[in-house]
Amino acid sequence: MASQEKSAPFRKNRKATKLSQRLGVCGASCVLDVMINDRTALVRDSAVFIGLLEKIWKVRDIDAALVWEEIDERIRLADELRASGIRPYKGGRFRSTKLP
């Protein structure tokens, strides 16, 4: 997994702020699509959401490959625990924020 490095906070950036606002609206659209059970719209809005995330990473100078590696590692850990018969549960011994 990627190490958690301490870094300076991001400087304010108008472009990142605008993209973040659009990301919030798009996230809300995804939630609405789930609630009304609109599969086609959910696929479309999810793609837009991921595209906006990648734009924000670029503006903030974050390598998208690092984020995708982190996601892959979380999925690998979840699969490994599942294969071992370990199921995470709230308040339990194996609860982890690293699980998808």
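Two residues are in contact here when they have heavy atoms within 4.5 Å of each other. Keep that in mind for the exercises below, and remember that the model is predicted.

**Exercise 1. Get your bearings: how many helices and strands are in the protein, and in what pattern do they follow along the sequence?**

Solution. Start with the count: there are three helices and zero strands. Reading along the sequence then gives α-α-α. Next, look at burial: of the 100 residues, 19% are buried. As for the outside, the accessible surface is about 8,300 Å², and carbon and sulfur atoms own 56% of that. Finally, take the contacts with a separation of 6 or more: 51% of them link residues 24 or more positions apart.

**Exercise 2. Work out which residues Asp-33 touches, leaving out those up to four places away in sequence, and decide whether Asp-33 is buried or exposed.**

Solution. First, place the residue: Asp-33 sits in helix α1. Second, check its cover. The relative accessible area of Asp-33 is 7%, and the cut-off for buried is under 20%, so Asp-33 counts as buried. Third, list the partners: Asp-38, Ala-41, Leu-42 and Asp-45. Two of these deserve a second look. A polar atom of the Asp-33 side chain is 3.5 Å from the backbone nitrogen of Leu-42. Asp-45 is 12 residues from Asp-33 in sequence, with 8.3 Å between their C-alpha atoms.

**Exercise 3. Find the largest nonpolar core: which residues form it, and which element gives the largest share?**

Solution. The core has five residues, namely Leu-19, Leu-23, Cys-26, Leu-52 and Ile-56. Now sort them by element: α1 and α2 (39-59) are the ones that give two or more residues to this core. The largest share, three residues, comes from α1. For a closer view, pick Leu-23. Skipping neighbours within four places in sequence, Leu-23 contacts Phe-49, Leu-52, Leu-53 and Ile-56. As a rule of thumb, nonpolar side chains in soluble globular proteins tend to be buried together.

**Exercise 4. Now go to the surface: is Met-35 buried or exposed, and which residues make a nonpolar patch with Met-35?**

Solution. Begin with location: Met-35 belongs to helix α1, which covers residues 14-35. Its relative accessible area is 65%. Exposed means over 50%, so Met-35 is exposed. Then look around on the surface: Met-35 joins Val-31, Leu-32 and Ile-36 in a nonpolar patch of about 430 Å². To wrap up, set two residues of helix α1 side by side: Asp-33 is buried, whereas Met-35 is exposed.

Definitions and conventions
Residues numbered from 1 in each chain as written. Predicted model: local features only at pLDDT ≥ 70, side-chain atom pairs only at ≥ 80, totals over all residues. Heavy atoms only, no water. Patch = residues over 30% accessible without salt bridge, like charges linked within 9 Å, V, L, I, M, F, W, Y side chains within 5 Å. Areas by Shrake-Rupley, 256 points an atom, 1.4 Å probe, with all protein chains shown as cover. Salt bridge = Lys/Arg side-chain N within 4 Å of Asp/Glu carboxyl O. Helix = DSSP H or I, 4+ residues; strand = E, 2+ residues; numbered from the N terminus. Buried < 20%, exposed > 50% of the residue type's maximum accessible area, 1.4 Å probe, protein only. Core = buried A, V, L, I, M, F, W, Y, C linked by side-chain atoms within 4.5 Å. Polar contact = N/O pair within 3.5 Å; in protein donor to acceptor, adjacent residues only side chain to side chain.
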